[in-house]
Amino acid sequence: MILVTGGAGYIGSHTCVELLSAGYEIAIMDNFSNSQPEVLEKIRQITGKDFKFYEADMTAPEATETIFRENTIDCVIHFAGYKAVGESVQQPLKYYYNNITGTVILCQIMQKYGCKKMVFSSSATVYGNPKSVPIREDFPLSTTNPYGSTKLMIEQILRDIAIADSEWSIALLRYFNPIGAHKSGLIGESPNGIPNNLVPYIAKVAAGQLEHLNVFGNDYPTQDGTGVRDYIHVVDLSLGHIKAVEKVLKTKGVDAYNLGTGKGYSVLEIVKAYEKACGKSIAYVIAPRRPGDIPACYADPAKSEKELGWTAKMGIEEMCEDSWRFTLNNLH
Ligand code: UD1
């Protein structure tokens with residue numbers, strides 16, 4: 001059985017759908033700190049399959065241990081964690097405590113129960129401001145905010161565990177910018193309040209819930225001056241996790257993999273693609289640069305293709321169409 005921490009979240013829920021569809025037995029653990037219980041029913045509805053669910057906080061050892069006592073867990077996909085960059089700057093201890101302590105406790109329990117296979121939800125944020133693009137896994141690592149630091153520190157902790165005990169097998173998955181939603185329109189990304197990320201913000205403008213997009217800077221050294229990112233369909237990203245599970249189940253050691261498409265799109269290119277998908281024009285104004293933003297970030301996905309046998313298949317049109325379908329289905 002695969003344990004999915006944070007399985008009710010955006011990437012977690014899509015990965016659970018793909019795991020169940022691929023025939024895996026799963027248990028989901030989530031504390032709903034940034035997700036809704038209804039997501040679980042939607043996963044059942046999409047897949048026609050059932051799974052165990054534990055409402056538990058990973059910083060509470062007893063709750064996590066119950067899951068290992070009651071089930072034979074072969075591998076953990078570890079998504080649970082706080083992820084808001086701005087909040088992490090304001091409340092660093094909240095981030096270090098939850099993300100780091102939670103992961104350490106999880107690993108202690110895994111070790112105790114002899115479960116030594118993990119797929120970890122890392123981020124391209126660990127590359128800091130890269131010296132060039134596309135970004136390879138062996139580029140220097142650094143961070144610019146506490147959220148990013150928790151990802152990098154956890155990578156280091158997991159590497160140390162694998163050095164101390166060669167039985168461990170760990171895949172560190174460095175996500176680029178996941179967007180889009182499941183084709184059913186039932187699950188997707190629905191941040192509370194005003195979104196920080198580009199595509200959820202554009203979706204709210206398209207839906208008439210926000211007046212206009214602020215484009216953060218148009219004087220970057222990019223094709224049109226706006227920031228360039230590697231947007232990847234969340235279902236493609238989820239399929240990368242299935243490949244990573246297959247890999248860790250049959251190998252040992254620790255390795256990092258980029259999950260991106262290898263293509264960079266500017267903010268204005270995304271606006272145009274979204275306008276096409278929703279059939280409306282998206283109002284925007286050019287605003288100052290957002291502190292901490294970098295000009296361009298996109299992956300070299302060659303290592304994932306070679307070693308995981310995975311590549312992203314869906315293009316930007318499909319990502320925007322699927323985001324819009326989910327938005328229309330969830331206008332309440
Ligand atoms: C952000 C986080 C990153 C995290 C990732 C996934 C920051 C600085 N970085 O990445 O650590 O791993 O989300 O959650 O927050 N943009 C606008 N207007 C907006 C929003 C965004 O112009 O209202 C631009 C940004 O300047 C950037 C691009 O759109 O060029 C993408 O932004 P966003 O979706 O927030 O992702 P990242 O900043 O790449």
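Helix α1 runs over residues 10-21, and its 12 residues reach 17 Å from the first C-alpha to the last, close to the 16 Å expected at 1.5 Å a residue. Keep in mind as you turn the structure that this is a predicted model. The helix is mostly covered, with 11 of its 12 residues buried. Reading along α1, the buried residues are Tyr-10, Ile-11, Gly-12, Ser-13, His-14, Thr-15, Cys-16, Val-17, Glu-18, Leu-19 and Leu-20. Just after α1 comes Gly-23, with a positive phi of about 95°.

Follow the chain onward and you meet another positive phi, this time in a residue other than glycine: Phe-32, at near 60°. Most residues other than glycine have a negative phi, which makes this a good place to pause. Phe-32 sits in the loop between β2 and α2. Is Phe-32 buried or exposed? Its relative accessibility is 16%, so Phe-32 counts as buried, the cut-off being under 20%.

Beyond that loop lies helix α2, residues 38-47, which holds Gln-45. Gln-45 counts as exposed because its relative accessibility is 54%, and the cut-off for exposed is over 50%. To place Gln-45 against a later part of the chain, look across to Ile-170: the two are 125 residues apart in sequence, and their C-alpha atoms are 31 Å apart in space.

Now move to helix α3, residues 61-70, where Thr-64, Glu-65, Ile-67 and Phe-68 are buried. These four cover an arc of only 150° around the axis, so they lie on the same side of α3. The general geometry helps here: an α-helix has 3.6 residues a turn, so residues three or four places apart point the same way. What covers the buried residues of α3? The list includes the strands β1 (2-5), β2 (26-30), β3 (52-55) and β4 (75-78), together with α5 (92-112). Turn to the other side of α3 and you find Glu-62 and Arg-69, which are exposed. Arg-69 has a relative accessible area of 55%, and therefore counts as exposed. From Arg-69 to Ile-109 the C-alpha distance is 10.0 Å, with their positions 40 residues apart in sequence.

Further along, between β5 (117-123) and α6 (146-164), the loop contains Pro-134. Have a look at the bond that joins Val-133 and Pro-134: this peptide bond is cis, with omega about -5°. Most peptide bonds are trans.

Helix α8, residues 234-250, brings us to Val-245. With a relative accessible area of 0%, Val-245 is buried. Which residues does Val-245 touch, leaving aside those up to four places away in sequence? They are Ile-2, Tyr-24, Cys-75, Ile-77 and Val-119. Ala-273, by contrast, is 28 residues from Val-245 along the chain, and their C-alpha atoms are separated by 33 Å.

Our last stop is the second largest pocket, which holds about 160 Å³ of space. Its lining is made of 14 residues, and those nearest the centre are Thr-261, Lys-263, Ala-312, Lys-313 and Met-314. By class, the lining of this pocket has 7 nonpolar, 4 polar and 3 charged residues.

Methods:
Residues are numbered from 1 along each chain as its sequence is written. This is a predicted model: local features need pLDDT of at least 70, side-chain atom pairs count only at pLDDT 80 or more; totals for chains, interfaces and linings use all residues. Side-chain values use heavy atoms; hydrogens and water are left out. On a 1 Å grid over the protein atoms alone, a cavity is a set of points where a 1.4 Å probe fits but cannot get out, and a pocket is an open set with protein on both sides within 12 Å along at least five of seven lines; lining residues have an atom within 4 Å of a point. Grid points are joined across faces, edges and corners, and a volume is the space filled by probe spheres set on the points. Ala, Val, Leu, Ile, Met, Phe, Trp, Tyr, Cys and Pro count as nonpolar, Asp, Glu, Lys and Arg as charged, and the others, Gly among them, as polar. Buried means under 20% relative accessible area, exposed over 50%, partly exposed in between (1.4 Å probe, protein chains only). Helices (H or I, at least four residues) and strands (E, at least two) are DSSP runs, numbered from the N terminus. The arc is that of the directions from the helix axis to the C-beta atoms. Contact means heavy atoms within 4.5 Å. The expected span of a helix is 1.5 Å times one less than its number of residues.
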